[in-house]
Amino acid sequence: MPKARYIMVGGFLGAGKTTALLKLGERFREKGLRVGLITNDQSVGLVDTTMLANHDFPVAEITGGCFCCKFNSLTEAADELNAADKPDVFLAEPVGSCTDLVATVAYPLRRLYGEQFHIAPYSVLVDPVRAERILGLASGKSFSPKVVYIYRKQLEEADVIVVNKLDTLDAERVRRLTAALMSEFPQAKIVCTSARSGTGIDDWALLIEGGEQGTRPAMEVDYDTYADGEALLGWVNVTASVNAPGLFDGNLFVSKLMTGLHTGLSGHGIEVAHLKATLSPYEGSDLAVMNLTRTDGNAEPSHILADELESGELIINLRAESDPATLREITEKVLAATVVGLGLEHDIEHAEAFRPGRPVPTHRDVTG
Ligand SMILES: Nc1nc2c(ncn2[C@@H]2O[C@H](COP(=O)(O)OP(=O)(O)OP(=O)(O)O)[C@@H](O)[C@H]2O)c(=O)[nH]1
Ligand SMILES: [Mg+2]
């Protein structure tokens, strides 16, 4: 059987990984290749899975821990996709607060399953505003030093750094940011993309679709600092049904909900890593998605519902630097107020708030 290609695309929360994987997936599909996507999160009820499935890609979801700590689930997910669709290309999105994925996923995958997979060079996406702040090129709110430690480690292990959201930058900012990245992370090739518009996706694909993951020694990682950094982030996942006596404007509902959450989080001085919400009717494949990727940014729609709906499933995923209980309280209060404000009703089907646990990788290969 010919080998499938395993392409893993990392990067911090909100950098645009899911958007970019959709574009890469579409590109491979246009070339006649079968594509399987693997999403990953610390828990269930994922906006990303809803989004990818809505684009008619087969998706396997690994929940309850990251790829590195659930290595066997990763290969099981690949088996599951293989049984149904036999993908030529697997596109995998690790959790955005994870690092050390080359040593704990890419190298072991090649060592143990090298007959099944070509392992592509590892790409790490960056949101330019976050990167400019963390690299000291711009002022503005950022995360605590231990979270920044994870951010920098993500870049240190990248074979390819993808400066995403190119559509938001002028040429001078692109030049300064790429120069700073090249100087601090000389091991990586740098490419610029707009996953939203598709600009640069071909250039990026050329770097990863034919190449193989290298064999250089794995970077050093202080797992205590890494674990502390992850534990500074609070995660909230809420799934609820939202109903109206008649039809309601779901885009307006999601927009009001995001505005309320943004105001609430900002009022508590909380730095948002990524807040995302989807609303989809129980019948059909219509979808609204809105995202906020930093507290001083703007909530933006990435999908808009075509029609009004009578009832639908709402999923909220919030990742921010704060205590999970506070994040959950803000989320549930704002949700309730938004629902009442629009004369709707809701029923929470699943809600949880937690800090990611200490990463304990199944494997760690210090060289490829
Ligand atoms: N302007 C602009 N926005 C983008 C681009 N790519 C992604 N985004 C937006 O960035 C936000 C986050 O995108 P996602 O693809 O969900 O990011 P992610 O890295 O998968 O986030 P997590 O899964 O939470 O780690 C969404 O609002 C996207 O529409 C881009 O090229 N340009
Ligand atoms: Mg994502």
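## A guided tour, starting at two phenylalanines

Select F90 and F117 to begin: both residues are buried. What you have open is a predicted model.

**Stop 1: the aromatic rings.** Look at how the rings of F90 and F117 meet. They form an edge-to-face pair, 5.6 Å centre to centre, with 80° between the planes. F90 sits in strand β4 and F117 in strand β5 (residues 117-119), so the pair links distant parts of the chain, 27 residues apart. Now add Y6 to your selection, and you have one aromatic cluster made of Y6, F90 and F117.

The structure holds 8 aromatic pairs. For another of them, pick F71 and Y113: their ring centres are 6.5 Å apart and the planes stand at 35°, so this pair is tilted. Because F71 belongs to helix α3 (residues 71-85) and Y113 to helix α4, the two tie together parts that are 42 residues apart in sequence. Are they buried or exposed? F71 is buried, with a relative accessible area of 0%, while Y113 is partly exposed, at 26%.

**Stop 2: the nonpolar cores.** Keep Y6 selected and add I38 and F67. In the largest nonpolar core, which has 58 residues, these three touch the most other members. Next, colour helix α4 (residues 101-113), which gives the most to this core, with 6 residues. Then centre on F67 and show what surrounds it: among its contacts are Y6, I38, L74, P94, L101 and V105.

A second, separate core can be found by selecting L279, I316, V339 and L344, which are among its 32 residues.

**Stop 3: the metal.** Select the magnesium ion (ligand 2). Which protein donors does it have? They are T18 (OG1), D48 (OD) and E93 (OE), lying 2.1 to 2.2 Å from the ion. Along the chain, these donors follow the spacing T-x29-D-x44-E. T18 lies in helix α1 (residues 17-30) and E93 in strand β4 (residues 89-93), so the pair ties together parts that are 75 residues apart in sequence. Both T18 and E93 are buried.

**Stop 4: the whole chain.** Finally, zoom out and switch to a cartoon view: the protein chain has 11 helices and 14 strands. Its C-alpha trace spans about 60 × 45 × 40 Å along the principal axes. The radius of gyration is 20 Å, which agrees with the value near 21 Å for a compact globule of 368 residues. Of those 368 residues, 57% count as buried. Turn on the surface to end the tour: the accessible surface comes to about 14400 Å², with 50% belonging to carbon and sulfur atoms.

Definitions and conventions
Residues are numbered from 1 along each chain as its sequence is written. Chains are lettered from A and ligands numbered from 1 in the order in which they are written. This is a predicted model: local features need pLDDT of at least 70, side-chain atom pairs count only at pLDDT 80 or more; totals for chains, interfaces and linings use all residues. Side-chain values use heavy atoms; hydrogens and water are left out. A nonpolar core is a set of buried Ala, Val, Leu, Ile, Met, Phe, Trp, Tyr and Cys residues joined through side-chain atoms within 4.5 Å. Buried means under 20% relative accessible area, exposed over 50%, partly exposed in between (1.4 Å probe, protein chains only). Helices (H or I, at least four residues) and strands (E, at least two) are DSSP runs, numbered from the N terminus. Contact means heavy atoms within 4.5 Å. Donors are N, O and S atoms within 2.8 Å of the metal (3.2 Å for Na, K and Ca); water is not among the atoms, so sites may look incomplete. The radius of gyration is taken over C-alpha atoms; the globule rule is 2.2 Å times the number of residues to the power 0.38. Accessible areas come from the Shrake-Rupley method with a 1.4 Å probe; for residues, only the protein chains shown count as cover. Rings of Phe, Tyr and Trp (its six-membered ring) pair if their centres lie within 6.5 Å; planes under 30 degrees apart count as stacked, over 60 as edge-to-face and the rest as tilted. Lists of a residue's contacts leave out its neighbours within four places in sequence.
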